[in-house]
Amino acid sequence: MRHLSHEETLVTKTALVTGATAGIGAAFARRLAVEGYDLVLIARDEARLVAFGAELGDRHGVTVVPMAADLSTTEGCERVEARLADPAAPVDMLVNNAGISLNAPFLQSTVDGEERLLRLNVHAVMRLTLAALPGMVERRRGEIVNVSSVAGFGTPMPGSTYSASKAWVTNFSQSIAESVRSSPVRVMALCPGYTRTEFHNRAGINISMMPDWMWLSAEEVVRDGLRDLRRGKIVSVPDWKYKVAVFGLRHLPQGLVRTVSKDARGRIQR
């Protein structure tokens, strides 16, 4: 666990976490509460959000504000944007974690499904980053973690638009990080591999054939991500096996990558 400096303990910091009631988002909330951050937690399920917030507040003595919002909608984004831009209650860390995948290749998908994926995985990340970043730059402090994916470095499943959305998140985060490099503000893309969360079950994706050694815990992802953020990294890939996978996705011939992955779920049969 990271020990806070004397100066840090004198100032209460606030973190806003989206997709906060499960998986990586919940792990971020727990870890940041342990570190003494007050929290603004965003998710759609208000009852679950309130219960989780009360648990963290009671256990760690921090202030937790639950805010129910659907970030795939304009109204949901606007509500969270207003909180991020409030100069009277500055947010020191934004964790853009909310996201979805679709259990359907593109040719079997729907416009509504694909647009919802883009609104949540891409548009919400852009909007909330833009709401938070100017104030952070003006205050000369702040951190933004955009949760992306190893999938964004390649096309591991034919016909999946999830990997395309995460490629955008990683590229966007790198670009914004470079734009604020001369300030103390940090922006980072966190790119985990397979992580044990509710994510796959919610999307209806069958993960029963995935070997145990490929899985990470949400706590491991958050631990490595925060470590890399504080070391000034712009892209964080937790765990050595996924660092190797990213190297392969970036540098090996795509024909070889397709052969190794053996994932043909979205490919048209001849």
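The paragraphs below go through two helix pairs and two buried residues of this predicted model.

A starting point is the pairing of helix α5, which spans residues 111-139, with helix α6, whose axis comes within 9 Å of that of α5 and crosses it at roughly 15°. Because angles under 35 degrees count as roughly parallel, α5 is described as roughly parallel to α6, and the crossing in which α5 passes α6 is right-handed. On the α5 side the contact is formed by Leu117, Asn121, Val122, Val125, Met126, Thr129 and Leu133, which meet Tyr162, Ser165, Lys166, Trp168, Val169, Phe172 and Ile176 of α6. Sorted by class, the residues in this contact comprise 10 nonpolar, three polar and one charged.

Helix α6, covering residues 162-179, also holds Ser173. With a relative accessible area of 0%, Ser173 is buried, since that term applies to values under 20%. The side chain of this buried serine makes a polar contact with the side chain of Asn146, at 3.0 Å. Leaving aside residues up to four places away in sequence, Ser173 touches Asn146 together with Val187, Met188, Ala189 and Ile234.

The second helix pair is made of α2, residues 23-34, and α8, residues 218-230, whose axes lie 9 Å apart and which pack at an angle of about 60°. That angle makes α2 oblique to α8, and the crossing of the two helices is right-handed. From α2, the residues that make the contact are Gly23, Ile24, Ala27, Phe28, Arg30, Arg31 and Leu32, while α8 brings Ala218, Glu219, Val221, Val222, Arg223, Leu226 and Arg230. By class, the contact of α2 with α8 has eight nonpolar residues, one polar residue and five charged residues.

From the helices the path leads to a strand, β1, which runs over residues 14-18 and contains Leu16. Leu16 is buried, its relative accessible area being 0%, a value that falls under the 20% limit and therefore earns that term. Once residues up to four places away in sequence are set aside, the residues that Leu16 touches are Val40, Ile42, Val80, Arg83, Leu84, Val91, Met93, Leu94 and Val95. Along the chain Leu16 and Tyr37 are separated by 21 residues, and in space their C-alpha atoms are 9.6 Å apart.

Definitions and conventions. Residues are numbered from 1 along each chain as its sequence is written. This is a predicted model: local features need pLDDT of at least 70, side-chain atom pairs count only at pLDDT 80 or more; totals for chains, interfaces and linings use all residues. Side-chain values use heavy atoms; hydrogens and water are left out. Helices (H or I, at least four residues) and strands (E, at least two) are DSSP runs, numbered from the N terminus. Buried means under 20% relative accessible area, exposed over 50%, partly exposed in between (1.4 Å probe, protein chains only). A polar contact is a pair of N or O atoms within 3.5 Å; within protein, one must be able to donate a hydrogen and the other to accept it, and residues adjacent in sequence count only if both atoms are side-chain atoms. Contact means heavy atoms within 4.5 Å. Axes are lines fitted to C-alpha atoms, for helices over the stretch in contact, and angles run from 0 to 180 degrees between N-to-C directions. Angles under 35 degrees count as roughly parallel, over 145 as roughly antiparallel, 65 to 115 as roughly perpendicular and the rest as oblique. A crossing is left-handed if the near helix is turned anticlockwise from the far one by less than a right angle, and right-handed if clockwise. Ala, Val, Leu, Ile, Met, Phe, Trp, Tyr, Cys and Pro count as nonpolar, Asp, Glu, Lys and Arg as charged, and the others, Gly among them, as polar.
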